[in-house]
Amino acid sequence: MKSFLYKRRFIFIPFGVAAFLTVISFAVMTLWNNLLPGILHVGAITFWQAMGIFVLCKILFGFGKGGGPGRGNWMRHRMEEKFENMTPEEREKFKARMENCGRGHWGRHGDHPYAKYWQETKAEEKPAAE
């Protein structure tokens with residue numbers, strides 16, 4: 001037998017959303033009123049104006065991480081398609097150029113984003129070096 005709260009859990013979702021929106025709106029209002037009047041010489045805002053700014057920003061800039069189909073990763077998909085259509089000589093040139101640019105950036109976070117396409121060339125190079 002299911003508990004009362006388990007059966008009625010969807011009733012609490014609007015309360016959770018309202019609580020989250022209240023906390024975020026209060027944070028936006030506090031940050032705005034403490035920072036922007038001194039920096040940009042704008043007026044203070046109310047709680048409801050802060051909620052409106054938050055909702056407007058979510059509408060304009062998106063909800064969440066993005067990266068879904070058709071959003072965000074369009075350049076990566078385009079480069080993957082280009083890389084798949086390259087000849088082996090073009091891949092070597094591309095690999096050499098990409099390994100030389102941004103070496104410090106990729107070194108901190110792991111492999112280069114296109115490193116998975118270079119696995120076959122790296123596997124061929126290792127036995128030849130030994």
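Leaving aside its neighbours within four places in sequence, which residues is Ser25 in contact with? In this predicted model, the partners are Phe47, Ala50 and Met51. Let's start from that serine and work outwards.

**Ser25 and its surroundings**

Ser25 sits in helix 2, which covers residues 13-40. Its relative accessible area is 0%, so Ser25 counts as buried, the cut-off being under 20%. As for the polar end of the side chain, one of its polar atoms lies 2.8 Å from the backbone oxygen of Leu21. Leu21 and Ser25 both turn up again in the list of helix 2 residues that meet helix 3.

Here are three residues side by side, with where they sit and how accessible they are.

| Residue | Location | Relative accessible area | Class |
|---|---|---|---|
| Ser25 | helix 2 | 0% | buried |
| Val55 | helix 3 | 35% | partly exposed |
| His41 | loop between helix 2 and helix 3 | 68% | exposed |

**Helix 2 itself**

How does the span of helix 2 compare with what its 28 residues should give? At 1.5 Å a residue the expected figure is 40 Å, and the end C-alpha atoms are 38 Å apart, so the two agree. That said, helix 2 does have a kink of about 30°, and the kink is centred on Trp32. Trp32 is also one of the helix 2 residues that meet helix 3.

Just past the end of helix 2 comes His41, with a positive phi of about 60°. His41 takes that value although it is not a glycine. It belongs to the loop that leads from helix 2 to helix 3, and at 68% relative accessibility it counts as exposed because the cut-off is over 50%.

**Where helix 2 meets helix 3**

Helix 3 takes in residues 47-61, and its axis comes within 8 Å of the axis of helix 2, the two crossing at roughly 105°. That makes the pair roughly perpendicular. On the helix 2 side, the residues involved are Leu21, Thr22, Ile24, Ser25, Phe26, Val28, Met29 and Trp32. They meet Phe47, Ala50, Met51, Ile53, Phe54 and Val55 from helix 3. The spacing of such lists is worth a thought: an α-helix has 3.6 residues a turn, so residues three or four places apart point the same way.

Val55 belongs to that helix 3 group, and with a relative accessible area of 35% it is partly exposed. Between the C-alpha atoms of Val55 and Ser25 there are 9.2 Å, while along the chain these residues are 30 apart.

**The chain as a whole**

Stepping back, the chain has seven helices and zero strands, and read along the sequence it goes α-α-α-α-α-α-α. Of its 130 residues, 15% count as buried, and Ser25 is buried too. Among contacts between residues at least 6 apart in sequence, 41% join residues at least 24 apart.

Conventions
Residues are numbered from 1 along each chain as its sequence is written. This is a predicted model: local features need pLDDT of at least 70, side-chain atom pairs count only at pLDDT 80 or more; totals for chains, interfaces and linings use all residues. Side-chain values use heavy atoms; hydrogens and water are left out. Helices (H or I, at least four residues) and strands (E, at least two) are DSSP runs, numbered from the N terminus. Buried means under 20% relative accessible area, exposed over 50%, partly exposed in between (1.4 Å probe, protein chains only). A polar contact is a pair of N or O atoms within 3.5 Å; within protein, one must be able to donate a hydrogen and the other to accept it, and residues adjacent in sequence count only if both atoms are side-chain atoms. Contact means heavy atoms within 4.5 Å. The expected span of a helix is 1.5 Å times one less than its number of residues. The bend at a residue is the angle between axes fitted to the seven residues ending there and the seven starting there. Axes are lines fitted to C-alpha atoms, for helices over the stretch in contact, and angles run from 0 to 180 degrees between N-to-C directions. Angles under 35 degrees count as roughly parallel, over 145 as roughly antiparallel, 65 to 115 as roughly perpendicular and the rest as oblique.
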